[in-house]
Amino acid sequence: MASIPPPPGAWLHPDAEVRRSAIAGSGLFARAPIPAGTVVARFGGRLVTDAELRELFAEAADRPDRPYIDTIAVTESTHLVLPPRGERSIGYGNHGCDPTLWWDGPYTLVARRAIPEGDELTSDYATSTWDSGFVMPCSCGAPIECRGTVTGDDWRRPELWARYGDHWTPALLARIAAARR
Ligand SMILES: [Zn+2]
């Protein structure tokens with residue numbers, strides 16, 4: 001899996017744009033209807049190992065501007081480090097507990113259902129993170145599905161396995177397969 005190289009830059013569907021979001025700060029929104037299955041975002045950047053990532057975090061913590069480092073876990077021991085946010089509106093995608101997007105492979109988010117114009121483009125962070133230290137209050141507004149708190153251990157929830165099927169990052173699919181054994 002680690003052998004699939006990431007694209008160098010991020011790509012975002014032209015019908016997606018950044019607007020102010022009720023969920024958090026800014027978010028991505030559909031400015032036209034997007035059919036189910038459409039590729040909406042492709043992440044790019046560079047792959048690093050666990051050790052390299054720890055170094056990057058340590059360097060960032062030492063800098064006066066404390067830059068935010070955005071990463072996606074690709075395999076158990078490789079991470080995609082995304083380019084800085086200013087260079088890519090793709091980084092504004094918020095979490096949703098009933099998301100409009102889900103994963104198709106390690107770098108691609110596709111429309112989970114037909115998305116009407118004006119809907120926010122969200123993914124469930126459970127499907128791309130396993131950092132046990134990650135805890136985030138959620139006010140995504142999904143009436144039934146909202147978990148209230150999103151954590152790095154949410155991937156362990158069987159109801160999410162059922163809901164998302166194969167639409168997790170490959171690293172999490174491998175973890176889930178192992179957990180089910
Ligand atoms: Zn929620």
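The legends below describe close-up views of a predicted model. Residues are numbered from 1 along each chain as its sequence is written, and side-chain values use heavy atoms, with hydrogens and water left out. In this predicted model, local features need pLDDT of at least 70 and side-chain atom pairs count only at pLDDT 80 or more, whereas totals for chains, interfaces and linings use all residues.

**View 1. The zinc ion and its cysteine donors.** Four sulfur atoms, the SG atoms of Cys 97, Cys 138, Cys 140 and Cys 146, lie 2.3 to 2.4 Å from the zinc ion. Donors are N, O and S atoms within 2.8 Å of the metal (3.2 Å for Na, K and Ca); water is not among the atoms, so sites may look incomplete. The angles among the 4 donor atoms are 106 to 114°, and the site is tetrahedral (four donors count as such if all angles lie between 85 and 135 degrees). Along the chain, the donors follow the spacing C-x40-C-x1-C-x5-C. Cys 138 is buried, with a relative accessible area of 11%, and Cys 140 is buried as well, at 16%. Buried means under 20% relative accessible area, exposed over 50%, and partly exposed in between (1.4 Å probe, protein chains only).

**View 2. The open sheet β2-β3-β11-β8.** This sheet has 4 strands and mixed pairing. Its edge strands are β2 (16-20) and β8 (94-95), each of which pairs on one side only. Strands (E, at least two residues) and helices (H or I, at least four) are DSSP runs, numbered from the N terminus. Two strands pair if DSSP finds at least two bridges between them. Between β2 and β3 (residues 26-30) there are 5 bridges, in the antiparallel sense. Ala 16 has Ala 30 in β3 as its bridge partner.

**View 3. The surroundings of Ala 30 in strand β3.** Ala 30 is buried, at 0% relative accessibility. Leaving aside residues up to four places away in sequence, Ala 30 touches residues including Asp 15, Arg 19, Ile 115, Pro 116 and Leu 121; contact means heavy atoms within 4.5 Å. The C-alpha atom of Ala 30 is separated by 9.6 Å from that of Val 40, 10 residues apart along the chain.

**View 4. The open sheet β1-β4-β10-β9.** The 4 strands of this sheet have antiparallel pairing. At its edges are β1 and β9 (101-103), each pairing on one side only. Strand β1 (residues 11-12) joins β4 (residues 39-42) over 2 bridges, and Leu 12 stands opposite Ala 41 in β4. Strand β4 is joined in turn to β10 (residues 108-111) by 3 bridges. Here Ala 41 stands opposite Leu 109 in β10, while the bridge partner of Arg 42 is Thr 108.

**View 5. Arg 66 in a loop.** The loop that holds Arg 66 runs between α1 (50-62) and β6 (71-75). Phi of Arg 66 is near 40°, a positive value in a residue other than glycine. Most residues other than glycine have a negative phi. With 59% relative accessibility, Arg 66 counts as exposed.

**View 6. The side chains of Thr 78 and Thr 75.** Thr 78 belongs to strand β7 (residues 78-81) and counts as buried, at 13% relative accessibility. A polar contact of 2.5 Å joins its side chain to that of Thr 75. Such a contact is a pair of N or O atoms within 3.5 Å; within protein, one must be able to donate a hydrogen and the other to accept it, and residues adjacent in sequence count only if both atoms are side-chain atoms.

Terms used: Tetrahedral: all angles 85-135°; square planar, octahedral: opposite > 155°, others 65-115°.
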